[in-house]
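Colleague: I am new to reading structures, and I would love a close look at one part of this one. Could you pick a contact between two side chains and walk me outward from there?

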Amino acid sequence: MFKVVNKLKEEVVANVVTHLNKQQGNLTADVSSYARGRQRYWLQAEWDLQKRTFRPATHDPRLWQLCRRVMPDADLGLVVYGPIGITLHRDDSYADWRGVGINLGTLGGWVYDCQYPQLRWTAQQNKPNPVVYDLRPGDVFEFNTKNPHAALNPAANRWAIFLWKKKV
């Protein structure tokens, strides 16, 4: 399941991007093999891929307020920046089934393969069939984190935020 659930106003997008541009000192290189060289930083808690545990991350009350407006039950977020996307992948075990993305810039396409048709596990799965969606700046979308998804050809100055509830 993938769908755009909201659209942030242009002035909100501009304000968030201005705020994020001032936070570039938080950016570090992504360690995921799916996004080598991408710049990112975690909000609230960071998932350590090697140790498979959480550790403290950036606390940005202003940004987190926006995040909680678009996903009230979010526990953590990932802010990504720049021209490197991510190849088809499923989110790691930290993430519950529902994820929310906030696109804040130009993107060549969001690839989504709806194998699990709902925002949960089900024995009835669709055959692989990746579809490329056109996301615009300000689009807020939800997706099943366990379905393969990717971001293609982001612009050099593109920001995006991804939010999850921790899997229990």
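**A contact and its surroundings**

Modeller: Happy to! Let us start with a pair of side chains: that of R38 makes a polar contact with that of D30, at 2.6 Å. Please keep in mind that this is a predicted model.

Where do the two partners sit? D30 is found in the loop that links strand 2 (28-29) to strand 3 (39-43). R38 has its place in the loop between strand 2 and strand 3 as well.

Are they buried or exposed? Buried means a relative accessibility under 20%. D30 has 9%, so D30 counts as buried. R38 is also at 9% relative accessibility and therefore counts as buried.

Now look at what surrounds each of them, leaving out residues up to four places away in sequence. D30 touches A35, G37, R38 and R40. With such sequence neighbours set aside, R38 is in contact with T28, A29 and D30, and also with L78, V80, Y81, I84, G85 and I86. For a sense of distance across the model, try P128: it is 90 residues away from R38 along the chain, and their C-alpha atoms are separated by 26 Å.

Next, follow the strands on either side of the loop. Strand 2 and strand 3 run antiparallel and are joined by two bridges. A29, one of the residues that R38 touches, stands opposite Q39 in strand 3. Both strands belong to an open sheet of seven strands, with antiparallel pairing, in the order 1-11-8-13-6-3-2. Which strands stand at the edges? They are strand 1 (2-7) and strand 2; each has a single partner strand, so one side of each is left without a neighbour in the sheet.

Two helices lie against this sheet. Helix 1 packs on it by touching strand 3, strand 6 and strand 13, and the direction of helix 1 makes about 90° with that of strand 13. Helix 2 packs on it too, touching strand 3, strand 6, strand 8 (95-103), strand 11 (139-144) and strand 13; here the angle between the direction of helix 2 and that of strand 13 is about 65°.

Helix 1 deserves a pause. It runs over residues 10-21, which makes 12 residues, and its first and last C-alpha atoms are 16 Å apart, close to the 16 Å expected at 1.5 Å a residue. Which of its residues are buried? They are V13, V16, V17, H19 and L20. These residues cover an arc of only 160° around the axis, which puts them on the same side of helix 1. Among the elements that cover them are strand 3, helix 2 (61-70), strand 6 (76-81) and strand 13 (159-166).

Let us go back to R38 for another route. One of its contacts is I86, and I86 stands opposite A151 in strand 12. That leads to a second open sheet, where four strands come in the order 7-12-9-10 with antiparallel pairing. Its edge strands are strand 7 (86-89) and strand 10 (131-133), each of which pairs on one side only. Neighbouring strands in this sheet are turned by 20° against each other on average, direction ignored.

You can walk through that sheet strand by strand. Strand 7 and strand 12 (residues 149-152) run antiparallel, with two bridges between them. Here H89 stands opposite H149 of strand 12. Strand 12 is also joined to strand 9 by four bridges, again antiparallel, and G109 is found opposite L152 in strand 12. From strand 9, three bridges lead on to strand 10, which runs antiparallel to it. In strand 10, V132 is the bridge partner of V111.

Finally, which way do the residues of strand 9 (residues 109-112) point? G109 and V111 point one way, whereas W110 and Y112 point the other way, and all of them are buried.

To retrace your steps on screen, begin at the 2.6 Å contact of D30 and R38, go through A29 to Q39 in strand 3, then return to R38 and follow I86 across to A151 in strand 12.

Terms used: Residues numbered from 1 in each chain as written. Predicted model: local features only at pLDDT ≥ 70, side-chain atom pairs only at ≥ 80, totals over all residues. Heavy atoms only, no water. Buried < 20%, exposed > 50% of the residue type's maximum accessible area, 1.4 Å probe, protein only. Polar contact = N/O pair within 3.5 Å; in protein donor to acceptor, adjacent residues only side chain to side chain. Contact = heavy atoms within 4.5 Å. Expected span 1.5 Å × (residues − 1). Arc of directions from axis to C-beta. Pairing = 2+ DSSP bridges. Axes fitted to C-alpha atoms, helices over the stretch in contact; angles between N-to-C directions.
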